[in-house]
Amino acid sequence: MTSKVTYLGDLRTSSIHIQSGSEIISDAPTDNNGKGEAFSPTDTVANALASCMMTVMAIKARDLKVDFTGSTASVVKHMQSEPRKIYKIEVHFEMTISVDEKTRTILERTALTCPVHLSLHPDIEKEIHFSWK
């Protein structure tokens, strides 16, 4: 088992990661009857894309003896109303390192092959931007 999700009431859930015991709280968003006091389920999907891309880049960077600690990714999720679903995710990477063109290409291509990117429905537009120092 990966996780256990418990409905807490008031459109809020608690997700417990079985291996680590860490918890994620989610709320329905304000535009869908919720309080918006935590990540919504669709927020976590969009965030998972950036987190996964950053993680696989970090693995590859470590192999290349490159440390991009401190690099960030900003995420913008776009929803459509009918049917209600994510139609676009924007991820804007701000890399805090300066690397040669070959290393950039390797890291960017690695990011685009992360499991979340490959698992998202092809109808979801993925707009990915990389900004290097």
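What is the volume of the largest pocket? In this predicted model, the largest pocket has a volume of about 250 Å³. Its lining consists of T13, S15, I24, S26, F39, P41, T44, V45, N47 and A48. Three elements each supply at least two residues of that lining: strands β2 (12-17) and β3 (23-27), and helix α1. The largest share comes from α1, with five residues.

Helix α1 also contributes to the nonpolar interior. The largest nonpolar core has 26 residues. Within this core, the residues with the most contacts are L49, M53, M57, I89, F93 and F130. Four elements give two or more residues to the core: α1 (41-63), β5, α2 (101-111) and β6. Of these, α1 gives the most, with nine residues. Helix α1 is thus named twice, with the largest share of the pocket lining and the largest contribution to the core.

M57 is one of the residues with the most contacts inside the core. Leaving aside residues up to four places away in sequence, M57 touches F68, F93, M95, L107, T110, A111 and F130. Two of these partners, F93 and F130, are themselves among the residues with the most contacts in the core.

F93 and F130 also meet each other. A search of the whole structure finds one aromatic pair. The ring centres of F93 and F130 are 5.0 Å apart and the planes lie at 5°, so the pair is stacked. The cut-off for stacking is an angle under 30 degrees. The pair links distant parts of the chain. F93 sits in strand β5 (residues 84-95) and F130 in strand β6 (residues 125-132), 37 residues apart. Both phenylalanines are buried.

The cysteines were examined next. The structure holds zero disulfides. The closest cysteine sulfur to that of C52 belongs to C114, at 3.2 Å, which is too far for a bond. A disulfide requires the two sulfur atoms to lie within 2.5 Å. The same holds from the other side: C114 is in no disulfide, and its nearest cysteine sulfur is that of C52, 3.2 Å away. Are these cysteines buried or exposed? C52 has 14% relative accessibility and therefore counts as buried. C114 has 0% relative accessibility, so C114 counts as buried too. The cut-off for buried is under 20%.

Terms used: Residues numbered from 1 in each chain as written. Predicted model: local features only at pLDDT ≥ 70, side-chain atom pairs only at ≥ 80, totals over all residues. Heavy atoms only, no water. Buried < 20%, exposed > 50% of the residue type's maximum accessible area, 1.4 Å probe, protein only. Phe/Tyr/Trp six-rings, centres within 6.5 Å; stacked < 30°, edge-to-face > 60°. Core = buried A, V, L, I, M, F, W, Y, C linked by side-chain atoms within 4.5 Å. Contact = heavy atoms within 4.5 Å. 1 Å grid on protein atoms, 1.4 Å probe; cavity = no way out; pocket = protein on both sides within 12 Å on 5 of 7 lines; lining within 4 Å. Points joined across faces, edges and corners; volume = space filled by probe spheres on them.
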